[in-house]
Every structure is written in C-alpha cells, then in structure tokens.
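User: Hi! I'm new to reading protein structures. Could we go through this one together, a question at a time?

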Amino acid sequence: MSDTRRRVKVYTLNEDRQWDDRGTGHVSSTYVEELKGMSLLVRAESDGSLLLESKINPNTAYQKQQDTLIVWSEAENYDLALSFQEKAGCDEIWEKICQVQGKDPSVEVTQDLIDESEEERFEEMPETSHLIDLPTCELNKLEEIADLVTSVLSSPIRREKLALALENEGYIKKLLQLFQACENLENTEGLHHLYEIIRGILFLNKATLFEVMFSDECIMDVVGCLEYDPALAQPKRHREFLTKTAKFKEVIPITDSELRQKIHQTYRVQYIQDIILPTPSVFEENFLSTLTSFIFFNKVEIVSMLQEDEKFLSEVFAQLTDEATDDDKRRELVNFFKEFCAFSQTLQPQNRDAFFKTLAKLGILPALEIVMDILLINVVIEQMICDTDPELGGAVQLMGLLRTLIDPENMMATTNKTEKSEFLNFFYNHCMHVLTAPLLTNTSEDKCEKDFFLKHYRYSWSFVCTPSHSHSHSTPSSSISQDNIVGSNKNNTICPDNYQTAQLLALILELLTFCVEHHTYHIKNYIMNKDLLRRVLVLMNSKHTFLALCALRFMRRIIGLKDEFYNRYITKGNLFEPVINALLDNGTRYNLLNSAVIELFEFIRVEDIKSLTAHIVENFYKALESIEYVQTFKGLKTKYEQEKDRQNQKLNSVPSILRSNRFRRDAKALEEDEEMWFNEDEEEEGKAVVAPVEKSKPEDDFPDNYEKFMETKKAKESEDKENLPKRTSPGGFKFTFSHSASAANGTNSKSVVAQTPPATSNGSSSKTTNLATSVTATKGSLVGLVDYPDDEEEDEEEETSPRKRPRLGS
C-alpha cells in the first residue's frame, strides 16, 4: 500500500515499561477466518511480512491518544500501540474498532478499565456508584477536591472514573482558573490544595488529560500549581526558569509550527517529570508510565520530522562548514546536533542506524572535523583520563567505547583489506602515547617523559596525580608529587597509592591487554620499543591487589600467545623476577594473587614452552623449589630435564666427525652465536624488535613498519623456500637468511666467506672468526652456525602453513 494515512509503527511495551519498535508498515482491518472475527493487520512496508495480527475483541479497552495513537492490552503485561503517520488514518481505524464494539467513535476509550480484583465488588455496587460526582469548582471546595483526587489513587477503577469525569466536564481548565485567582489573592492554603490536586491528576496516568494539561494554553499554569509543594517553606520558581533562563534557540528557523510546538512541549513535560515531580514511591512507580510514553512518542516524532526535512538539515550543515560562520554560531549548531542525537536514542536499533546513515550522507563527520582542534579519539582518551568521578564511572564507559573503536572485528572489511591496518597504524602513531601516558608517568622517574606529559595534560591530570586526601597546600598542577611516581630502580619502586590513580591504570591495562590479543604486530612493536612490559610489572608492587592482578593479566595474555619474540623479550629482560618476587612476598596467603601467579607458571608447564621453562628453572628454581603445595615448579624442572636429555641424545647421534675438536665449538661460542641468531630481525616487523631498556624513543618517532613488512613479505617468502639448509659437504651446512641486523639498520652487507680455524687450547673462541665450518653468506645475510635438529620439521610446517612466521631459533 502507498496510502500514507494508514502508515503506522507497531510498538510493544517491554518489561522495563519502555516501548520497543517492532517495525513500520500499513494497517488494515479485515475479517480473519482463523481468528473468527474482524482483526487489525499490519504488513511491513519493506517486505510485506506480517508485523501484527490482532483480533478486535469486543471486551478489550482500546484508547486513542494524541490523535495519532491507539493503545490496548492484548494480554496481561502485553501492551500494544499503533502510531499513525496521519491523524486521518488513526480516525479511520478507530471508527472500525468502535464499530465492532458498538461504541460512538467520539469516545477516547472504548471500555471501562476494570481491575480484576474489583470486578465482583463493582458488580455488587448500586448503579449510582458508577459515576463520580465532582464538587463544584470553587475556592471553598478545593480541600474537598484534593481529598477526592487523593482517595481514588489506590483504586484503578475509581481512577478511571475520575479521569472520565475530569475530561468530560472540562474541569482542568476551571481548576487552573482558580489557581490564577489564588495567586492573585496570595491564598497559600488554596495553592497547597491545588498542588495536591494537579499532582494527583498526573498520577491518574491518563493520556487524554495530559493532552489538555500540556497544551500551550495550560502547561505553564500546571507548572505553577506544582511550585506550591506544602512540604517546602518557599515555593520554587520553575516558571521563571522555563520562561527566562531556558531560552529556545533556533539555529536555523523552524518553519513547521507543529514541530516547534512539539519541541517546546516535550522540553517542558520532560522538565516536569525530571525536575518538578518528586521521585515516586514504590506505590506510585507505575502511575507515570503514560507520562513516560507521552515523552517517548513526542521524541520519536520530533526526530522523524527533522530527519525527513533534508532542506533544514542541509542548511544546518552548510552553516556549520561555512568558514564565515562565527564561533558562537558554530557552537550553537554543534549543540543542536548534540541534542538531536540524544533524542535519537529513543529510536529502535534499526531506525537509529537509518538515522545515523542520514547524518553521514549529509556529511556529519567532515562537519564535526572542522570544529575540532585535536583528534576526536584523543579527546575521548583525555576525557577518560581526566574523569573527576571518584569511581571513574564516565571513564569506564569511555573505555568501553575505545575498545569498540579499536576492535578489528568492528572495522569494515573491504576488497583490499587496508582499512584495518591503516586505522591501527594511525592509532599507534597518533593516539597510543596519549593512552599510555598515565601508565608511563606512574612507572618512571624519567624527567623528560614527565615534562612531555605535563606539557600536554598539566591541568587535567593534576587531580589524578594528587592524592585525594591532599589539602590546599598540596602539589600544584604544574608538577607531580614524587610520592605518586614509581622509580625506575626495581629495588626501590614506589607504586601510586592513590586509589583513583590505581583505578585509572587498571582501565588502561585492560585496554592494553585487549590490544595484545587483537592487534598482534602493532602492539608487539610498541611493547618492545617502549619496554612496556617492564613498566607494567612495576605495578606488581602496588598495595592495590586489583592493580597488581591487572599487570599480571597483561603478562599472562602475552605469554598466552606463545610467541617466541615475546618469550625472548621476557627472558632477556629477566621479567619473571617481579612476578616471582610478588609470589614470594605474598607468603602463605592462598588468595587470588597467589592463584593467578601459579596459573601463569602452570600454563607454561602444560603448554611446554621450552624457552621460558629453561629460563625459569635455570634462574629461579632455587627460590621456588620449596613451594610444594602445587606440583607446578617440580613439573617445570622435570620438563626442563627431559628436554635437556633429549638434546643430549640428539647430540650423541650426530656423526663423530661433527663432534671432533676440529669441527665442534665450545659452549660459550655456541651461546654467543645463538645470541647473534636471536638478535636477528623479525620478518613480520621489518626491524629490530628489542630496544635498549635504558633508552625510550619519543612517541613522535615511533616507526611505521607495517608497510615495509607488507612490501617485502612475498619476496621473502619465496626466498625462504630457497634458503633451506643444504648439506654441502660431510662436515658443513649452508644457511642463507634474507634478514639480518645490518639490513635492519639500513646498511648493505657484503658476501662473506669465513674459514674456521681449530679451537684454541683454552677452549675459547672468537665470535667473529671461530666458526664451525666454512660457510657462504649472500645478499647481505648472516651465516647459520649450527644445524638444528628440528629444522626439517619446521620447514615442513612452513610449507604447509604459508602464514606462519619463520622461526629464528629452536
């Protein structure tokens, strides 16, 4: 159907007493054989599917509200509403409903709303009790009227009868005339009675009465009545605020008078609900459900009318982007969009998506970009960092927003698949330093870094770095108290004791832990260049156990990746030490910290991460061997010894000629060569990944290596296949690598041919000359020094899994 008169939205009332939009379609009334009666049918305008099929029950109470709404209860706790695009369509369907029920279409409710618990009692009452006789609307009757209105609130049927009486006799307008008289006469007692009367009428929860009370003619007098709360020594000045303080600004003139009236009405009714009326008691909590619905449908209508008026919105965008627009005007335009988007939250998800698509089509994002001096995402991060709420309620919400923004699963997948990497490159180059600034500031005494941070966040960060119990003589905003700065000396670290600071650092760590899991090489590069894990583990000393657990969780997520580059970073940096110290300091307490640390080492044991197992056993076993309430550490020792035996067996199986003094290097030489092997570049990163601990590069110099990696990836993969170990002679192996330290530093290496002399008598060997065999290195590559027994197995894995990174060590 294309008839706009019958175009409707179908709503159902959910358990939270909020209206859910079930879709838009066209309504008709027709006889349905299966239901044995006339029924209301709504078919979706998108695909013709049936949105609603409801029999017009002769005993159902249908209500017509605001000229374009029909509301009824289909069953207990299941309310339905049809919101019509045009009044004519609503009147047409209303007449059909009234015709089925034998009612006059002039009524607003087709049936009396009788509470089941009162039906029997109601039937036994005399016929005269069906009516409520209102006292004459006079000043001397105000107390009687107030008592009547208050008395009916506990009875649903009497509330309904009173509402009908008030509606039919035009009683509300008469009451408001008495209000004007009482104010002129300064009749305080009468004004107090009128407060009770108007408040009670609102609690009747009747849409037809709201339409009268909230009309332009009556609403300010209604607000005036509600100013005279008997519990207050002096009346409030709500009308003064609404007429003088709250000024309606039309950033672009609204020519539709109905729309303008609807905006005024919605603001004032929202003010009545949120500001004037007291918080309802448990007994009263359902009395204002219709008022909530009244505001809800008004907002839906306002958003729809503005959204459909593209001429109006186009003019708003034009002025927002016009360079000639002054700052004050531009601020008003942005405030308009802020309120417009806030109203859109009343829309259901599918309609909200359509709303934002309309704004995007008209250019909302480029327009907002013009009014911003810094990156929007950095504004969000700064607001998270500078949340003044002691419980960081706003920061928690913003953290959730940031996590959604940086989640690759939420990024658009296109044909060339570059958007995700481009965004992440942007985020790590321009935003990550803002996010980690509080963490780095609170885990270092580096003066330059503190000055950099304070230069950008001096005012906003001062309250976070100053303890909450500080007095007026506390550290000024231009500096950070040394009590809140963690020293770089691991033996003398001072963790932030400010609870609010600890909460913020926990939020930041939660985001960084999310990045470890979802951003792979971007966060890996950042962690290693900033030596970030070492800084995070300083927080293991925090007196706030939840913060220590956040730091531990960050490390656990890294180890959970089972990435050898991370593993080497951890072992080279001796980063298990703060974790083991925390375990030992925890003593015999079997708490969450104890369990979390044990689980970390148990994971390493179960997953048999050999490099970490060896490091732990060789460096910390003596400190851990006394822990016997779990078998984790003994199990690590067993794994370590089994691997050591396996390597010895493999060594014994090597032909004797390879084990002679002429061709065998001592342990020190092997260790040095293996060190050189491990210092090679990671193919995925395209640069040396372990930066010196004592030096931290400025954020602005953070390199963008992803492009370099992508450009060379295919060429390197093809070279890797050609560079497999090849036996060249009974006593030598040839290795060719396409990556090297020299390549990472931007230098060119020449081909090298080195002849290995016999080992010296004292068993030492030179790193540069004492090679095990004659080898040739080409294309600026290093030389493979040892034939690792697992090489063939690993090469087979690479051929079957092309995405797997080549391993640089056994």
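User: How far does helix α17 reach from its first C-alpha to its last?

Analyst: Happy to start there, and do keep in mind that this is a predicted model. Helix α17 runs over residues 393–405 and has 13 residues. At 1.5 Å a residue, the expected reach is 18 Å. The model comes close to that, with a reach of 19 Å.

User: Which residues of α17 are buried, and around what arc do they lie?

Analyst: The buried residues of α17 are Ala395, Met399 and Leu402. An α-helix has 3.6 residues a turn, so residues three or four places apart point the same way. The buried residues of α17 therefore sit on the same side of the helix, and the arc they cover around the axis is only 65 degrees.

User: What covers that buried side?

Analyst: Here we look at what covers the buried residues of α17. The cover includes α21 and α16, the latter being residues 376–385.

User: Helix α21 came up just now. Which residue in helix α24 forms a salt bridge with Glu517 of α21?

Analyst: The closest N and O atoms of this pair are 2.7 Å apart, which is within the 4 Å needed for a salt bridge. Glu517 belongs to helix α21 (residues 499–519) and its partner to helix α24 (residues 545–560), so the bridge ties together parts that are 40 residues apart in sequence. The partner is Arg557.

User: Is Glu517 buried, partly exposed or exposed?

Analyst: Buried means under 20% relative accessible area and exposed means over 50%. Glu517 has 43%, so it falls in between. Its partner Arg557, at 28%, has the status partly exposed. For Glu517, too, the answer is partly exposed.

User: Which residue forms a salt bridge with Arg6, and where does that partner lie?

Analyst: Arg6 sits in the segment before β1 (7–13), and its partner is 86 residues apart from it, so let's look for a link between distant parts of the chain. The closest N and O atoms are 2.1 Å apart, and both residues of the pair are buried. The partner, in helix α1 (residues 87–101), is Glu92.

User: What about the salt bridge of Arg239: which residue is the partner, and how much relative accessible area does that partner have?

Analyst: The side chain of Arg239 meets that of Glu227 at 2.9 Å, N to O. Arg239 lies in helix α9 (residues 238–245), and Glu227 in the loop between α8 (219–225) and α9, so the pair ties together parts 12 residues apart in sequence. Glu227 is buried, because its relative accessible area is 4%.

User: How many salt bridges does the count come to?

Analyst: Besides pairs, there is a network of salt bridges that links Lys64, Lys87 and Asp91. By the rule used here, the count comes to 26 salt bridges.

User: Helix α1 holds Val100. Which residues make a nonpolar surface patch with Val100?

Analyst: Val100 has a relative accessibility of 32%, so it counts as partly exposed. The patch it helps to make is about 250 Å². The other residues in the patch are Tyr31 and Met38.

User: Which residues does Ser289 touch, not counting residues up to four places away in sequence?

Analyst: Ser289 is found in helix α11 (residues 289–308). Ser289 is buried, because its relative accessible area is 15%. With those sequence neighbours set aside, Ser289 touches Arg17 and Asn205.

User: And for the whole protein chain, what share of residues counts as buried?

Analyst: The chain has 33 helices and 11 strands. Its accessible surface comes to about 42,700 Å², and 49% of that belongs to carbon and sulfur atoms. Of its 810 residues, the share that counts as buried is 47%.

Key:
Residues are numbered from 1 along each chain as its sequence is written. This is a predicted model: local features need pLDDT of at least 70, side-chain atom pairs count only at pLDDT 80 or more; totals for chains, interfaces and linings use all residues. Side-chain values use heavy atoms; hydrogens and water are left out. Helices (H or I, at least four residues) and strands (E, at least two) are DSSP runs, numbered from the N terminus. Buried means under 20% relative accessible area, exposed over 50%, partly exposed in between (1.4 Å probe, protein chains only). The expected span of a helix is 1.5 Å times one less than its number of residues. The arc is that of the directions from the helix axis to the C-beta atoms. Contact means heavy atoms within 4.5 Å. Patches are made of residues with over 30% relative accessible area and no salt bridge: like charges are joined within 9 Å, nonpolar side chains (Val, Leu, Ile, Met, Phe, Trp, Tyr) within 5 Å. Accessible areas come from the Shrake-Rupley method with a 1.4 Å probe; for residues, only the protein chains shown count as cover.
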